Amino acid sequence: MATLHDAPPATAGPPRHVPAGAERTGRGLVRKVLAYIVLVVVAALVLVPFAWMLSSSLKRDNEVFTIPIEWIPREFRWSNFVEIWERIPLLTYLGNSAFLSTTITLLQLLTGSFAAYGFSKVRFPGRDALFLAYIATIAVPWQAYMVPQYIMMQRAELTNTYWSIILLQAFGAFGVFLMRQYYMSIPDELCEAARIDGLSEYGIYRRIMLPLSKPALASLALLTFVNTWNDYMGPFIYLTSNELWTVQLGLRSFIGQYDAEYAMMMTGAALSILPILAVFLFGQRYFIRGIATSGLKG
């Protein structure tokens, strides 16, 4: 009778070897999952103020700053979105903001792209030094030259007109920088061939550079439109007539001497972001492409 000791010893199989490629794939998957988790958390933190704004726009004034925060209103006051049109001329304010944002955006596209072409594709003495000096103005805070600008506009009798806002914001060093970075990615040989064929500098700019720079133009347009739409200090300083106010100034109508109607302010803010949201959704693809190819990516 065979005993336990008579059984043949168990032989261990050869050690299992994990391929290096599979190990790298596993690590890459873990990193990707962690990256997605971080992005989701950051996106949630960014969206929290917008969620609070939308929630507050559907509340009463005494319910906006309750502690703890009531994310879901006790009673949804959809009437706020109807009442605000009766309380202030919101349509006029939105139209004024749209006019200024569209006009300034078009002018910055023209001036920024044209200046960037000169700094990137036209050779002249002192070009790089002039470009660095111009870009250095980005580091100067607006508050440093705010008073001289106002004095200039006042002496030109342009205060309380749209011209004061348009002329001061029609040029931007950031737009020139953004467009130049994109133009630098376009081969110089393309411009040289066009010059040999007899095309002028204006023709090269209009027929070659502009069609090739649609992503960068879309990025600059979106950034300029959003910045102008959200601008508060510029219109606050130069526009005094109520019929010229932008939507940002119009929301001040709900701030009284002793109290403020925060629910109506949040309602107006929620309505004011709809044009920006529409513009971003329309140009999102070009915006991402423009940032990715203009040297501003991380």
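**Exercise 1.** Which residues in helix 8 meet which residues in helix 9?

*Solution.* The structure is a predicted model, in which local features need pLDDT of at least 70 and side-chain atom pairs count only at pLDDT 80 or more, while totals for chains, interfaces and linings use all residues. Residues are numbered from 1 along each chain as its sequence is written, and side-chain values use heavy atoms, with hydrogens and water left out.

Step 1 is to list the contacts, a contact being heavy atoms within 4.5 Å. On the side of helix 8 these involve Leu-190, Cys-191, Ala-194 and Arg-195, and on the side of helix 9 they involve Glu-201, Ile-204, Ile-208, Met-209 and Leu-212. Helices here are DSSP runs (H or I, at least four residues), numbered from the N terminus.

Step 2 is to sort these residues by class, where Ala, Val, Leu, Ile, Met, Phe, Trp, Tyr, Cys and Pro count as nonpolar, Asp, Glu, Lys and Arg as charged, and the others, Gly among them, as polar. The contact of helix 8 with helix 9 then divides into seven nonpolar, no polar and two charged residues.

**Exercise 2.** Describe how the axes of helix 8 and helix 9 are arranged.

*Solution.* The axes, lines fitted to C-alpha atoms over the stretch in contact, with angles running from 0 to 180 degrees between N-to-C directions, belong to residues 188-196 for helix 8 and residues 201-212 for helix 9; they come within 10 Å and cross at roughly 140°. Angles under 35 degrees count as roughly parallel, over 145 as roughly antiparallel, 65 to 115 as roughly perpendicular and the rest as oblique, and helix 8 and helix 9 are therefore oblique to each other.

**Exercise 3.** Place Ile-204 in its surroundings.

*Solution.* Ile-204 lies in helix 9 and is buried, with a relative accessible area of 0%; buried means under 20%, exposed over 50%, and partly exposed in between (1.4 Å probe, protein chains only). Leaving aside neighbours within four places in sequence, Ile-204 is in contact with Tyr-117, Cys-191, Ala-194, Arg-195, Leu-199 and Met-209. For one of these partners, Ala-194, which is 10 residues away along the chain, the C-alpha atoms of the pair are separated by 6.8 Å.

**Exercise 4.** Trace the salt-bridge network that includes Glu-201.

*Solution.* Step 1 is the criterion: a salt bridge is a side-chain nitrogen of Lys or Arg within 4 Å of a carboxyl oxygen of Asp or Glu. A search of the whole structure finds nine of them.

Step 2 takes two of the pairs. Glu-201 forms a salt bridge with Arg-195, the closest N and O atoms being 2.6 Å apart, and Arg-123 forms one with Glu-192, where the corresponding separation is 3.4 Å. The latter pair links distant parts of the chain, since Arg-123 sits in the loop between helix 3 (90-121) and helix 4 (127-135), whereas Glu-192 is in helix 8, 69 residues apart.

Step 3 adds accessibility: Arg-123 counts as exposed at 61%, whereas Glu-192 at 33% is partly exposed, as are Glu-201 at 31% and Arg-195 at 24%. Salt bridges that share partners join Arg-123, Glu-192, Arg-195 and Glu-201 into one network.

Conventions: Helix = DSSP H or I, 4+ residues; strand = E, 2+ residues; numbered from the N terminus.
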